[in-house]
Amino acid sequence: MKTITTQKANCRDCHRCMRSCPLKAVGIVNGQARLIDEKCVLCGRCVVECPQGAKQVTSQVSAVKEAVAAGRFVAMSLAPSFVAAFPEYTLPQLAAKLGGLGISLVEETAVGAEEVSRFYSRLLTAAEKPVISACCPVVVNVVTKYYPDLIGNLAPVASPMLVHAKMLKHRLGADTFVVFAGPCIAKLAESRDSASLVDAAITFRQLREWLAETATGDNSPPAAAISAPGPVRYYPIAGGILKSFVRSESTATDIIAVDGLDNCLEVLAALRKGEIAPRFIEALACSGGCINGPASGCADSVPAKKLKVAEFAVAGAARHHKSPAGLDFSRCHTQAPVQEFIPPESRIREVLRQTGKYSKEDEKNCGACGFNSCREKAVAVCQGLTEIDTCVPYMRSKAESLANFIVQHSLNAIIVVDSKMIVQEFNPAAEKMLNRQQAIIKGGKLSEVLDSREISAAIGKGEKMTDRRVTIAGGTVVNQTIIPVPEHDLAIIVLTDITVQEKNARELEQMKLQTVEKATEIINKQMHVAQEIAGLLGETTAETKAALLELVSLLKAKGKN
């Protein structure tokens, strides 16, 4: 089961998760980010950094609900940072709320931490080499995957969560359903460890959502729980683990407290090199400690959270509890080194050349792709972990080259001027179109080569102006478009030469007029001929009529005689 997944629909190609991952455990496939499980240590930074919420943390809340619904005795191990994650509740108030959800017993994980501190105390006395605390699952993952040669330095003891789960099962019965709640995402994976007795693990964020979706009263308080001693309640803050079993100063060199993943990596690297050899290293992957866990669900500042923890620790139980007899809390850590394919130098150089890096001077090492250097990124490309197109300078240069190519080869004149009508840029087509009488130059006034009154007005109004037919120097007729760019105090002028089209249009219009005139002339002539024919036909008809009437008269006269 994956602990962190990526929702493809929400992943918007920003690669922020990749840039934020200190171990480069995020790859890019088809433009989208994906976690590389073999390299990921589950620090949760990618979940926090993703602005789209594309990184999702798996939830086991449904498993807890099913246990409650089945009537099982559900015991919740509550990480000691709860006082920082739920500042609005006291422990009794929060326990009452959880009782309303059906939780049978709520107990601080710090009860298990007390056993871990005892283990550390013994190690500090007996160990012959530096001991690295193993409470933080992210640190354990880092050592097993990236510093396997330091596996013998990891304290051979289970984490407080695993220890507490074993104590709860021992005290309450093996059938008890143990759920852990805390601010850590890596704990969700640790709870599935083969030696784990944790039945489910949820984050504080998920717990808060569960509380919000379920209206609970405070009338179902859980069973009484053991109160943790004050010193182990300091566990969730940087230096808190040490404070629970040894006195040390922040300036001490034989006992070190380090927090934040980057700082932990630096300390581990120094330990590997032999630069340092402290007796004990308290290492917490989150800056400030567990109170700043990626799934704490509380946006309060780290100092505010630290204050809450300190106040709660002061109110802790005064006495230490006896260790349960017969329980073994030791843990054997196993190496799981990251296996990486190392590409040949020729292949790396080939990838570098594909992004325009032919020499060391071409390698900008800007880190925009998420890798520390161009070469590191080229290696990742060879390993199939990312794509060439994630090189931002290369893609910008490519886009600019394409844009420049289009501008330089456009048949339209393109001129860029500022609000004072001073020419900033122009393309070859503009030079050819306007330089018939006066040369256009950068830094020169546009009015020297073009009537700029309409352009100035358009810029002043901030309105785009299109399809303005203008006659410029040399009688060239152009279609003028003005595009103001107020955010840069510039305007882009595009001139399309339509002289030929205009000439053709005028010739066509002239041809139409001539055709109409000719047609009119022909019609008039036809009408004239028709009128003459009609006139001749009229005269002939009249003469025929007169002749016939005269003939009729003669015939009538003879008939009477």
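Two strands pair if DSSP finds at least two bridges between them. Keep that rule in mind for the exercises below, which use a predicted model.

**Exercise 1. The hairpin of E2 and E3**

Find how strands E2 and E3 are joined, and which residue stands opposite Ala33.

*Solution.* Start with the bridges: strand E2 (residues 26-29) and E3 are joined by 4 of them, and the two strands run antiparallel. Next, look across from Ala33 in E3, and you will meet Ile28. Then follow the chain through the turn: 2 residues lie between the strands, which form a hairpin, and Asn30 in this turn has a positive phi of about 55°. Now turn to the side chains. In a regular strand they alternate between the two faces of the sheet. Along E3 (residues 32-35), Ala33 and Leu35 point to one face and are buried. Gln32 and Arg34 point to the other face and are not buried.

**Exercise 2. Two helices in contact**

Work out how helices H3 and H10 are oriented to each other, and which residues meet.

*Solution.* Take the geometry to begin with: H3 (residues 61-69) packs against H10 (residues 204-213) at an angle of about 50°, and their axes are 11 Å apart. That angle makes H3 oblique to H10. From H3, the contact involves Val61, Val64 and Lys65; from H10, Gln206, Trp210 and Glu213. Sorting the residues of this contact gives 3 nonpolar, 1 polar and 2 charged.

**Exercise 3. The surroundings of Ser77**

Decide whether Ser77 is buried or exposed, and list what Ser77 touches.

*Solution.* Locate the residue: Ser77 is in strand E5 (residues 74-78). Its relative accessible area is 2%. Buried means under 20%, so Ser77 is buried. Leaving aside residues up to four places away in sequence, Ser77 touches Glu107, Thr109, His164, Leu168, Val179, Phe180 and Ala181.

**Exercise 4. The two sides of H18**

Identify the buried residues of helix H18, and say where they lie around the axis.

*Solution.* Pick out the buried residues of H18 (residues 453-461): Ile455, Ala458 and Ile459. They cover an arc of only 100° around the axis, so they sit on the same side of H18. The other side of the helix has Arg453, Gly460 and Lys461, which are exposed. Now ask what covers the buried residues of H18: the cover includes strands E12 (413-418), E14 (465-471), E15 (477-485) and E16 (490-497). Finally, step past the end of the helix: Gly462 follows H18, with a positive phi near 70°.

Note on methods: Residues numbered from 1 in each chain as written. Predicted model: local features only at pLDDT ≥ 70, side-chain atom pairs only at ≥ 80, totals over all residues. Heavy atoms only, no water. Buried < 20%, exposed > 50% of the residue type's maximum accessible area, 1.4 Å probe, protein only. Axes fitted to C-alpha atoms, helices over the stretch in contact; angles between N-to-C directions. Parallel < 35°, antiparallel > 145°, perpendicular 65-115°, else oblique. Contact = heavy atoms within 4.5 Å. Nonpolar A, V, L, I, M, F, W, Y, C, P; charged D, E, K, R; others polar. Arc of directions from axis to C-beta.
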